Amino acid sequence: MVSVDSLDPMVYSVVRRKGVLSKTLTTIDALMTYRNQRKHENRPFNLVASFCVQKINWVEIPKFIEFCKHRELLCSLQFLYEPSRYSILTLPIQKIEEIYTYLKTAAMSYGESILSPILNPLREALENSSSNLEMNQRV
């Protein structure tokens with residue numbers, strides 16, 4: 001598994017703490033070459049690229065999925081809960097709703113299952129917000 005977390009060099013260096021995206025991409029290219037060699041030897045293996053979704057990189061999710069598809073990589077999305085200062089869940093509820101809508105639209109192209117690790121926590125946050133609003137209106 002290779003942790004990518006961003007395809008933007010500036011964002012990558014922040015998320016991966018001074019990481020260099022070009023080095024990661026070079027590593028992925030080398031692993032793909034090795035994977036293809038093993039495939040021809042009837043000893044295939046899956047190569048997985050992971051992406052930890054947070055405030056700074058959520059908009060890159062479709063681009064990351066396309067990156068994986070183009071390279072025949074398994075795509076693994078993880079939702080960041082902690083540290084909370086980086087979590088989407090600490091954004092205003094209107095922004096969470098905007099992100100959820102954006103990703104629901106993306107799910108029409110990529111399938112809901114690939115995006116469910118991100119959509120589910122966002123949906124729960126929206127449902128909890130709605131329930132809290134209804135309870136406050138009753139009081």
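Here are a few short exercises on the structure above, each with a worked solution.

This is a predicted model, in which local features need pLDDT of at least 70, side-chain atom pairs count only at pLDDT 80 or more, and totals for chains, interfaces and linings use all residues. Residues are numbered from 1 along each chain as its sequence is written, and side-chain values use heavy atoms, with hydrogens and water left out.

**Exercise 1. In what order do the three strands lie in the open sheet, and which stand at the edges?**

Solution. Start with the terms: strands (E, at least two residues) and helices (H or I, at least four) are DSSP runs, numbered from the N terminus. Two strands pair if DSSP finds at least two bridges between them.
- Step 1: the order is S1-S2-S3, with parallel pairing.
- Step 2: strand S1 (2-3) and S3 each have a single partner strand, so they stand at the edges and one side of each has no neighbour in the sheet.
- Step 3: look closer at S2 and S3, which pair over six bridges. Ala49 has Cys75 in S3 as its bridge partner, and Val53 has Phe79.

**Exercise 2. Find what Phe64 touches, leaving aside its neighbours within four places in sequence.**

Solution. Contact means heavy atoms within 4.5 Å.
- Step 1: the contacts of Phe64 include Val4 and Leu7.
- Step 2: Ala49, Ser50 and Phe51 are also among them, as are Cys75, Ser76 and Leu77.
- Step 3: now place Phe64 in the largest nonpolar core, a set of 31 residues where Ile61, Phe64, Leu115 and Leu122 have the most contacts. Such a core joins buried Ala, Val, Leu, Ile, Met, Phe, Trp, Tyr and Cys residues through side-chain atoms within 4.5 Å.
- Step 4: among the elements giving two or more residues to this core are helix H3 (61-71), strand S2 (48-53) and strand S3 (74-79).

**Exercise 3. Why do the buried residues of H4 line one face of the helix?**

Solution. Buried means under 20% relative accessible area, exposed over 50%, and partly exposed in between (1.4 Å probe, protein chains only).
- Step 1: list the buried residues of H4, which are Ile96, Ile99, Tyr100, Leu103, Ala106 and Ala107.
- Step 2: seen down the axis of H4, they fall within an arc of 130 degrees, so they line one face. The arc is that of the directions from the helix axis to the C-beta atoms.
- Step 3: check the other side of H4, where Gln94, Met108 and Ser109 are exposed.

**Exercise 4. Is Thr24 buried or exposed?**

Solution.
- Step 1: locate Thr24 in helix H2.
- Step 2: its relative accessibility is 11%, so Thr24 counts as buried.
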